[in-house]
Amino acid sequence: MTVEDSASVTPWQPLVQIGDISVDQRWVVTPSGSIPTGRVTWTVHDMTRRDQVIPTYAIVLAVVFSVLTCLLGLLFLLIKEDRTTGWLQVTVQGPEFVHTTHVPAIYPGSVADVFARVDYARSLSAAARP
């Protein structure tokens with residue numbers, strides 16, 4: 001390889017990353033191996049749960065202010081916070097190839113983010129099919 005040849009080689013850059021799965025126009029790369037993008041199908045399962053909880057700071061404020069203001073501080077217990085817990089299971093499969101990854105749901109928008117990433121990967125797969 002000459003210097004001119006090495007200058008034209010570009011490193012592989014994925015277009016989308018879903019957990020430990022990387023995707024570009026031609027390849028899907030996983031720890032289980034690589035497969036052409038046009039030969040895979042994608043599935044995603046939402047295994048998250050959304051709860052409303054009383055945050056810790058509201059409990060502390062309720063205790064402190066209920067002693068100081070004759071139980072008026074108990075109104076702090078009306079404060080609710082939405083929490084998303086769980087994960088999303090993303091599976092990519094092709095002929096003699098299956099890889100599953102679990103993406104944790106850290107914040108409420110992470111569910112929509114993972115679904116958008118999988119939709120983009122599906123569009124890349126559809127565009128790569130002959």
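Here is a walk through the structure, from the whole chain down to a handful of residues.

The model is predicted, so local features are used only at pLDDT of at least 70 and side-chain atom pairs only at pLDDT 80 or more, while totals for chains, interfaces and linings use all residues. Residues are numbered from 1 along each chain as its sequence is written, and side-chain values rest on heavy atoms, with hydrogens and water left out.

Let's begin with confidence. pLDDT is the predictor's confidence in each residue, on a scale from 0 to 100. Its mean over the chain is 88, and 92% of the residues reach 70 or more. The low end is helix α1 (residues 3-8), with a mean of 48, and the high end is strand β7 (residues 97-104), at 96. Over residues 1-6 the value stays under 50, and the model gives that stretch one contact beyond four places in sequence; contact here means heavy atoms within 4.5 Å. Where pLDDT is low, the predicted coordinates should not be read in detail.

Next, the fold. The chain has three helices and seven strands. Both kinds of element are DSSP runs numbered from the N terminus: H or I over at least four residues for helices, E over at least two for strands. Read from the N terminus, the order is α-β-β-β-β-β-α-β-β-α.

Now for the overall dimensions. The radius of gyration of the chain is 23 Å, whereas a compact globule of 130 residues would have one near 14 Å. That radius is taken over C-alpha atoms, and the globule rule is 2.2 Å times the number of residues to the power 0.38. Along its principal axes, the C-alpha trace spans about 80 × 35 × 25 Å. Of the 130 residues, 29% count as buried, where buried means under 20% relative accessible area, exposed means over 50%, and partly exposed lies in between (1.4 Å probe, protein chains only). Among contacts between residues at least 6 apart in sequence, 59% join residues at least 24 apart.

The surface and charges round off the global picture. The accessible surface comes to about 8,400 Å², and 62% of it belongs to carbon and sulfur atoms; the areas come from the Shrake-Rupley method with a 1.4 Å probe, and for residues only the protein chains shown count as cover. As for charge, the mean positions of the 9 positive and 11 negative charges are 8 Å apart. Lys and Arg count as positive and Asp and Glu as negative, with His and the chain ends not counted; each charge is placed at NZ of Lys, CZ of Arg, CG of Asp or CD of Glu.

Time to zoom in on strand β6 (81-94) and the loop that follows. T84 lies in β6 and is buried because its relative accessible area is 9%. Leaving aside neighbours within four places in sequence, T84 is in contact with T48, R49, R50, A105, I106, Y107, P108 and V111. G94 is in β6 too, but counts as partly exposed because its relative accessibility is 22%. With the same neighbours set aside, within four places in sequence, G94 contacts I35, R39 and V40. In the loop between β6 and β7 sits E96, which has a positive phi of about 55° although it is not a glycine. Most residues other than glycine have a negative phi. E96 counts as exposed, at 86% relative accessibility.

Another loop, between β3 (27-30) and β4 (33-36), holds P31. P31 is exposed, at 60% relative accessibility. Not counting residues up to four places away in sequence, P31 touches D20 and H99. P31 and H99 are 68 residues apart in sequence and 8.2 Å apart in space, C-alpha to C-alpha. From P31 to G94, 63 residues along in sequence, the C-alpha distance is 15 Å.

Over in helix α2 (residues 56-68) we find A62, which is buried because its relative accessibility is 3%. Beyond four places in sequence, A62 is in contact with G73, L74, F76 and L77. The C-alpha atoms of A62 and Q13, 49 residues apart along the chain, are separated by 51 Å.

Finally, R129 lies in the segment after α3 (109-128). R129 is partly exposed, with a relative accessible area of 38%. Setting aside neighbours within four places in sequence, R129 is in contact with G38, V40 and T41. R129 and D82 are 47 residues apart in sequence and 41 Å apart in space, C-alpha to C-alpha.
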